[in-house]
Amino acid sequence: MPCAPCSAAADMLPLVIVRPEPGASETAGRAAELGLDGRTIPLFSADACAWAAPDPRAFDALLLTSANAARYAGPQLAGLATLPCHVVGPATAAAARAAGLVPVVTGTAGAQPLVDAMVAGGARSILWLAGAERTALTSGAARITPVTVYAMRPIAAGPEWAAATQGPAIMMLHSARAAQHVAALAGAARNHMIVLAISAPVAAAAGDGWRAVHVAAAPGDAAMLALAAKLCQMQGP
């Protein structure tokens, strides 16, 4: 149910959602179910990259840290279906299943804790399907082989961006690259914008000078939107 102070649009801080489609619309739909005012202004689009699937026999685990890896990997992904698949969060798990994989582990605390758990469980050679720009992961006793299967292309900020950021709003940030891009675009809007980051590293990438910065309790839309509903109760336009 919508939180009481957010039941009328005039009293609601909008949620600005800049993640690529289809994730942006998915987040907006979940926000609407909570009675929140989600506004999709994607600042990136995802494009598939040409890649060749390595021999799965050289690895003992497959790692996906983004749903886009499953969405854009293409038919080559089928050749890796024999590897135990480890994914970050339920959205990535759903995308992996849609692509024909069967996730055996769905992490709930981010990419690095998931890798740590994989290594603790005995993984020694991890194949990581990832984006062209990615945050480095440490592997301890394991070897991580990243393979680029998609790339993010910036989209020019248009009048929708200007309209959404001219007044107080909650800026939902799902990645470090989005945080950096938004920080470069925000200008004086930082003074009245509230950052809602999916993780502490993403919050750090957004920099300083915002009205407030909050980090979700767990990586994923569920925790982000739960916090957004609380912020909607506490903050007013």
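**Entry 1: β3 and the sheet**

I began with the pairing of β3 and found that five bridges join it to strand β8, residues 143–154, with the two strands running antiparallel. Looking for a residue pair that marks this register, I noted that alanine 46 stands opposite methionine 152 in β8. I keep in mind throughout that this is a predicted model.

I then followed the pairing outward and recorded an open sheet of six strands, in the order β3-β8-β7-β4-β5-β6, with mixed pairing. The edge strands are β3, residues 44–48, and β6, residues 103–107, each of which pairs on one side only. From one strand to the next, the twist averages 25°.

**Entry 2: β7 and its two partners**

Which strands pair with β7 in the parallel sense, and over how many bridges? On one side I found strand β4, residues 61–64, in parallel pairing with β7 over four bridges, and here alanine 61 stands opposite isoleucine 126 in β7. With β8 the pairing of β7 is again in the parallel sense, over seven bridges, and leucine 129 stands opposite valine 147 in β8.

I also checked the burial of β7, taking buried to mean under 20% relative accessible area. Seven of the seven residues of this strand, 125–131, are buried, so β7 is largely enclosed by the rest of the structure.

**Entry 3: the nonpolar cores**

I turned next to the largest nonpolar core, which holds 46 residues, and noted that Val18 and Leu173 touch the most other members. The elements that give two or more residues to this core are β1 (15–17), α1 (23–33), α5 (159–164), β9 (169–173), α6 (176–186), β10 (193–197), α7 (200–206) and α8 (221–234). Of these, α8 gives the most, with eight residues.

For leucine 173 I listed the contacts, leaving aside neighbours within four places in sequence, and found Val18, Ala178, Ala179, Val182, Val195, Leu196, Ala197, Ile198, Val202, Ala206 and Met224. Apart from this core lies another, of 22 residues, among them Ala69, Val87, Ala93 and Val149.

**Entry 4: methionine 171**

Is methionine 171 buried or exposed? This residue lies in strand β9, and because its relative accessibility is 1%, I count methionine 171 as buried. Not counting residues up to four places away in sequence, methionine 171 touches Val16, Val18, Trp161, Thr165, Val182, Met193, Ile194, Val195 and Leu196. I also looked up its separation from histidine 181, ten residues apart along the chain, and the C-alpha atoms of the two are separated by 12 Å.

**Entry 5: a cis peptide bond**

Going through the backbone, I noted that the peptide bond from glutamate 21 to proline 22 is cis, with omega near 5°. I placed proline 22 in the loop between β1 and α1.

**Entry 6: the chain as a whole**

I closed with the overall figures, starting from a count of eight helices and eleven strands in the chain. A compact globule of 237 residues would have a radius of gyration near 18 Å, and because the chain has 18 Å, I record that the two agree. Along the principal axes, the C-alpha atoms fill a box of roughly 55 × 35 × 30 Å.

Buried residues make up 46% of the 237 residues in the chain, and the accessible surface comes to about 10,500 Å², of which 58% belongs to carbon and sulfur atoms. Among contacts between residues at least 6 apart in sequence, I noted that 60% join residues at least 24 apart.

Note on methods
Residues numbered from 1 in each chain as written. Predicted model: local features only at pLDDT ≥ 70, side-chain atom pairs only at ≥ 80, totals over all residues. Heavy atoms only, no water. Pairing = 2+ DSSP bridges. Axes fitted to C-alpha atoms, helices over the stretch in contact; angles between N-to-C directions. Core = buried A, V, L, I, M, F, W, Y, C linked by side-chain atoms within 4.5 Å. Buried < 20%, exposed > 50% of the residue type's maximum accessible area, 1.4 Å probe, protein only. Contact = heavy atoms within 4.5 Å. Rg over C-alpha atoms; globule rule 2.2 N^0.38 Å. Areas by Shrake-Rupley, 256 points an atom, 1.4 Å probe, with all protein chains shown as cover.
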